[in-house]
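Student: Please take me through this model and show how each label follows from its cut-off. I would like the reasoning as well as the values.

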Amino acid sequence: MKKTPNYTAMKTRAALLLLAAIVWIPPHALSKDKKDKKNPSAGYIITLHIDGATDDTLYLGNYFAKGTYAIDTALNDGKGNYRFSRETTLYDGLYFFTNQKGQFFEFVVYKETPKFDFTTKNDDWKKYARVKGSRENDIFFAFHNERRVLTDELEAASKRMSEAEFKEFRSEQIKKNDTLMLKYIAQYPECMFTKMMEATKPIEVPLVNAAGDSLSATERWEYYADHYFDNMPLDEDFLVRTPENVFYKKVEDYFNVTLKNTMPSFIVKHIDAMIDKARPSPEVFKYLVHTTSERFLQSNVMVYDSVYVHMIHRYYATGEAVWASPSSIDDNVKRADTWEKILVGKQAPELILKDTLGHYQSLTMECSRHQYTLLVFWSPTCGHCKVTIPEMHEVYEKYKTEYDIAAFAILSEPDENTRPQWKKFIAQHDLGDWLHLDGGECNVDWREVYDVVTTPKIFLLDHNRKIIAKKFSPETFEGLITNQLSPARKN
């Protein structure tokens with residue numbers, strides 16, 4: 001059963017994120033951004049003068065998702081002047097100047113031609129940062145100057161107050177900080193940094209519906225999931241170039257907390273709603289489609305294969321993933337088409353292969369003779385198989401009679417070098433009660449039909465070949481049997 005979220009904890013975490021979103025986090029990992037797009041009609045000229053500058057070289061960088069990236073460098077002209085200039089577009093987002101010692105300050109690029117002149121002082125870059133040619137950054141710096149008064153007061157109080165006094169004072173400063181944020185959001189709703197702060201505000205979940213009836217815990221959780229992105233401007237490109245607490249972590253928490261353990265249909269509904277909001281923003285749309293597809297491609301939850309299939313069929317096969325190469329689209333569509341045929345609940349494709357004695361065996365016939373059948377693709381040369389197959393067999397042995405379970409085990413590396421090792425491994429580990437098949441000759445290309453890229457690959461089928469489960473380990477196999485399967489009927 002889906003666990004109901006703790007909304008108080010959610011609001012507390014969100015409030016902390018609201019504070020952290022504009023805390024200045026030094027960019028430790030700097031790497032060259034290779035994704036800039038040339039645009040001859042655009043470009044930037046940004047100058048920075050630092051009184052008392054000591055650095056020969058400064059870096060211009062930006063945030064992206066959970067990382068920071070260096071995109072340009074400038075040399076000191078000997079007078080503390082640094083000039084960053086390229087015929088490269090600076091897309092909307094939060095940028096920063098930094099040096100190798102970790103000093104830095106941030107600035108905004110948003111709906112303004114990035115031809116800015118900054119000045120500051122070497123002893124405190126952030127405190128003395130000023131700008132010409134940018135209303136956005138004038139307001140951005142003004143906010144931080146007001147906020148700095150609160151943090152300076154807090155630091156001074158920590159040195160003179162008792163623990164109890166400081167706790168109460170700190171609480172008051174946080175309230176003042178929240179009030180300051182709300183003031184700027186109200187006064188400058190068009191500014192990028194206020195939209196960033198707005199994006200981290202928690203969602204207020206109502207206690208009653210429009211009719212005045214109390215909402216159940218499940219209804220409140222569904223409301224939270226439906227309105228999760230209400231405060232976030234998913235239609236604005238700048239979101240992908242903000243610190244991770246603003247956008248990246250918010251999206252991660254949506255999948256890892258809010259949608260965790262929910263049914264695929266619920267996830268698909270909310271993914272589509274999220275992505276639809278991002279359609280006006282090519283970059284946010286691309287980020288969400290790509291990362292969501294990859295998330296469910298890599299998911300170990302057996303029923304979530306259908307989410308990946310949905311993502312590929314809706315966004316890649318339809319031509320909406322314009323950033324992807326034709327070969328990448330073809331590969332993903334081919335995989336999704338294959339996965340669609342072997343989803344949980346679908347009938348497993350028929351397989352006819354030779355056993356160790358050279359006799360043909362049918363998966364349909366084996367399933368019809370038993371209540372459940374393990375379909376196993378494995379090889380004795382596979383390191384993971386060497387561990388997993390004996391462990392899986394041990395669980396099988398424990399329950400095979402009570403639940404009438406059989407096994408249809410296919411050698412996934414059918415060559416002359418592997419076959420002797422295969423038969424030896426079967427004998428050494430007493431796997432003789434499984435039906436073993438040589439994968440060298442089959443009625444279909446089982447690698448393609450069952451998407452056998454790595455081994456072992458294991459399915460659990462019912463007597464009609466319907467797929468009950470897949471992507472399970474020996475550790476979860478026992479729970480799967482006792483919780484989901486029915487014992488065999490006794491005659």
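**From values to labels**

Tutor: Asp451 lies in the loop between α14 and β14. Those names come from DSSP runs: helices are H or I runs of at least four residues, strands are E runs of at least two, and numbering starts at the N terminus. The model is predicted, so local features need pLDDT of at least 70 and side-chain atom pairs count only at pLDDT 80 or more, while totals for chains, interfaces and linings use all residues. Residues are numbered from 1 along each chain as its sequence is written, and side-chain values use heavy atoms, leaving out hydrogens and water.

Student: Why is Asp451 called buried?

Tutor: Buried means under 20% relative accessible area, exposed means over 50%, and partly exposed is in between, with a 1.4 Å probe and protein chains only. Asp451 has 15% relative accessibility, so it counts as buried. Its phi is also worth a look: the value is near 50°, positive in a residue other than glycine.

Student: Which class does Asp430 fall into, buried or exposed?

Tutor: Its relative accessible area is 59%, above the upper cut-off, so Asp430 is exposed. Asp430 sits in the loop between α13 (418-428) and β13 (435-442), and it too has a positive phi, about 55°, although it is not a glycine.

Student: What makes Ser281 a buried residue?

Tutor: Its relative accessibility is 0%, so Ser281 counts as buried. Ser281 belongs to the loop between α7 (264-278) and α8 (282-297).

Student: What makes the contact of Lys101 and Asp55 a salt bridge?

Tutor: The definition asks for a side-chain nitrogen of Lys or Arg within 4 Å of a carboxyl oxygen of Asp or Glu. Here the closest N and O atoms are 3.8 Å apart, so the pair qualifies. Lys101 is in the loop between β5 (93-98) and β6 (104-109) and Asp55 in the loop between β1 (44-51) and β2, so the pair ties together parts 46 residues apart in sequence. The partners fall into separate classes: Lys101 is exposed at 55%, while Asp55 is buried at 11%.

Student: How do you know that Lys400 and Asp433 form a salt bridge?

Tutor: Their N to O distance is 2.7 Å, which is within the cut-off, so this pair is a salt bridge. It links distant parts of the chain, 33 residues apart, with Lys400 in helix α12 (residues 383-403) and Asp433 in the loop between α13 and β13. Lys400 has a relative accessible area of 24%, so it is partly exposed; Asp433, at 29%, is partly exposed.

Student: How many salt bridges does a search of the whole structure find?

Tutor: It finds 25. Asp272, Asp276, Arg279, Arg314 and Glu320 are linked in a network of them.

Student: Why do β5 and β6 count as paired?

Tutor: Two strands pair if DSSP finds at least two bridges between them. β5 and β6 run antiparallel and are joined by 6 bridges, so they count as paired. Tyr95 stands opposite Phe107 in β6. The two strands form a hairpin with 5 residues between them, and Gly102 in the turn has a positive phi of about 95°.

Student: What makes β6 mostly covered?

Tutor: Of its 6 residues, 6 are buried. In a regular strand the side chains alternate between the two faces of the sheet. In β6, Phe104, Glu106 and Val108 are buried on one side, and Phe105, Phe107 and Val109 on the other.

Student: How do you know that strands β2 and β3 pair?

Tutor: Strand β2 (residues 57-64) and strand β3 (residues 67-75) share 8 bridges in the antiparallel sense, so the requirement is met. Tyr63 has Thr68 in β3 as its bridge partner. In this hairpin, with 2 residues between the strands, Ala65 takes a positive phi near 55°.

Student: What makes the peptide bond between Thr455 and Pro456 cis?

Tutor: Omega there is about 0°. Pro456 is in the loop between α14 (446-449) and β14 (457-462).
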